[in-house]
Amino acid sequence: MKIILKKGDLKNAPKGYVRINFTEEAKGKNRIVKEKGTETLEIGVGKFAELNRRKFMILCRTIINTAKANGIKKITMQAGGVGKLFKDLKGVALEELAQLAAENLEMANFEFNFFKTKPEEGWNAVEEILLYGTFSPSIEKAMRKGQEIGKAVNACRVLANTPGGDMTPTLLAKAAKEAVKGLPVRVTTLGEKEMKKLGMGAVLGVAKGSTEEPTFTIMEYKGSAGKPIVLAGKGVTFDSGGLNLKSSNGIYEMHMDMSGAAAAIHSVVLAARLKLKKHVIALLPSVENMPGNNAVRPGDILKSLSGKTIEVTGTDAEGRLILADALTYAKRFKPSVVIDIATLTGAAHVALGDHASALMTRDDALADELSLYGEASGDYVWRLPLWDEYEEKVKGTFADVANIALGPASRHGGAIDGGMFLWQFAKELNCPWAHLDIAPKMTSVPSDELAKGAAGTPVRLLIHFIEHYAVLNKD
Ligand code: BES
Ligand code: ZN
Ligand code: ZN
């Protein structure tokens, strides 16, 4: 989508562009007004005074969705002045508003059409936005940056939406390589042989039930010297549950179980594209979790890369197994901070509903920072505890740790059990660590006003974090 910034007034807009106007009518009250050869799409915003950052993001998506619903391909808007897009929002600078607008306009214009036949009239998408006003260089820059971010979110959605048969661990590794073309990002992939040599027993254990070879991909963008920020993304390209096979309902959409890896890939790509002066590494352990003849059995014991033994009390808690090895692997980079991103538990979704990912960390400063960036970016997160009291539940009976708690408490606080399991490995990192359970935001819900399927969470939060972490971080 082209966003063209034009100096001056919307009145000068050429023919063929539908004008967007904002009214204080209730949200959802939209109408098209035709007069004197011009067409105006009026969008109900509700009381302008009640608009805030959160609502503004949705408003930008509404503009695109309403245009699309009416088959409109070219729109024009006024950035400042009467009927303006850039509202006066308390605590939101104009540059921030411009960036948010561009991000959300791009996100709303995305649909996953790759496997569909193109209709004769073309895809239903807005092709051009003419934005009138006076744009300082900093606003123009913010707008372009917002577009890049929106596109990265959409690229993440493409990877996550791709069906499991077309996105195996090998193909995910290939996708990471392709995504960095022309950018200063180094990509290395370890195969089964290398992982065996290293002793990544947890990744290999999960992979055993599938004919697809596991991969472990390392991406490095060195925009500056110094300790790296390490992102570890869950890359389960299809989660059948393994021998603890999922139900028909549960197995649906499990090709998106590599959403954490997809977000990590496109956050690194974006950091490089934006030329951020940061050192960022993504670790992408990737497997297909299948119930084949060689599959890991409930009760089997795996030896992880850390040396800790893991009792596989359930084969469907596979994400934490592969991430355990990734967290141990992260140690070799002497990171300044490690964040793992995973569609780890349905329990996180049960706990938080549809509007926030779960954040778990033992580091209060990091929790505050991530919460703040979540709010600013639109990838909202909410903290769950990782207190010592919960540690008992991840102790193994016959091994050092167990991947699922057994007994009557097994159904209580399942998202925390996942986080607590990962903490057993993260505690050896000697740097701040956070776990983002993005299962609640794996797919969009209607109120997100995004296309069905992958939501592209939390690319916006991660890029915000990569950009600002060192500023707030004292070391
Ligand atoms: N990938 C799933 C979690 C998931 C479910 C993500 C639905 C997104 C939507 C994960 O591997 C899993 O199966 N978790 C189990 C954990 C349980 C066995 C302790 C779950 O949530 O039921
Ligand atoms: Zn699972
Ligand atoms: Zn899974």
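Phenylalanine 333 counts as partly exposed because its relative accessibility is 21%, whereas tyrosine 329, at 7%, counts as buried; buried means under 20% relative accessible area, exposed over 50% and partly exposed in between, with a 1.4 Å probe and protein chains only. Keep in mind that this is a predicted model, where local features need pLDDT of at least 70, side-chain atom pairs count only at pLDDT 80 or more, and totals for chains, interfaces and linings use all residues. Residues are numbered from 1 along each chain as its sequence is written, chains are lettered from A and ligands numbered from 1 in the order in which they are written, and side-chain values use heavy atoms, leaving out hydrogens and water.

**Aromatic rings**
- Tyrosine 329 and phenylalanine 333 make an edge-to-face pair, because their ring centres are 5.9 Å apart and their planes sit at 65 degrees.
- The rule behind that: rings of Phe, Tyr and Trp (its six-membered ring) pair if their centres lie within 6.5 Å, with planes under 30 degrees apart counted as stacked, over 60 as edge-to-face and the rest as tilted.
- The count by this rule is 9 aromatic pairs.
- Phe112, Phe114 and Phe115 come together as one aromatic cluster.

**Strand β18 and its partners**
- β18 covers residues 433-437, and 5 of its 5 residues are buried; strands here are DSSP runs (E, at least two residues) and helices are runs of H or I (at least four), numbered from the N terminus.
- Neither face is left open: Trp433, His435 and Asp437 are buried on one side, Ala434 and Leu436 on the other.
- β14 (residues 337-342) runs parallel to β18 over 5 bridges, with valine 338 opposite tryptophan 433; strands pair if DSSP finds at least two bridges between them.
- β15 (residues 357-361) is antiparallel to β18, joined by 4 bridges, and leucine 359 stands opposite leucine 436.

**Helix α12**
- α12 takes in residues 414-426, 13 in number, and spans 18 Å from first C-alpha to last, close to the 18 Å expected at 1.5 Å a residue (1.5 Å times one less than the number of residues).
- This helix is mostly covered too, with 13 of its 13 residues buried.

**Cavity**
- Searching the whole structure turns up 1 cavity of 30 Å³ or more; a cavity is a set of points on a 1 Å grid over the protein atoms alone where a 1.4 Å probe fits but cannot get out, and lining residues have an atom within 4 Å of a point.
- The largest cavity holds about 40 Å³, and its lining includes Ala160, Ser259, Lys441 and Gly456.
- That lining divides into 5 nonpolar, 3 polar and 1 charged residues.

Technical notes
On a 1 Å grid over the protein atoms alone, a cavity is a set of points where a 1.4 Å probe fits but cannot get out, and a pocket is an open set with protein on both sides within 12 Å along at least five of seven lines; lining residues have an atom within 4 Å of a point. Grid points are joined across faces, edges and corners, and a volume is the space filled by probe spheres set on the points. Ala, Val, Leu, Ile, Met, Phe, Trp, Tyr, Cys and Pro count as nonpolar, Asp, Glu, Lys and Arg as charged, and the others, Gly among them, as polar.
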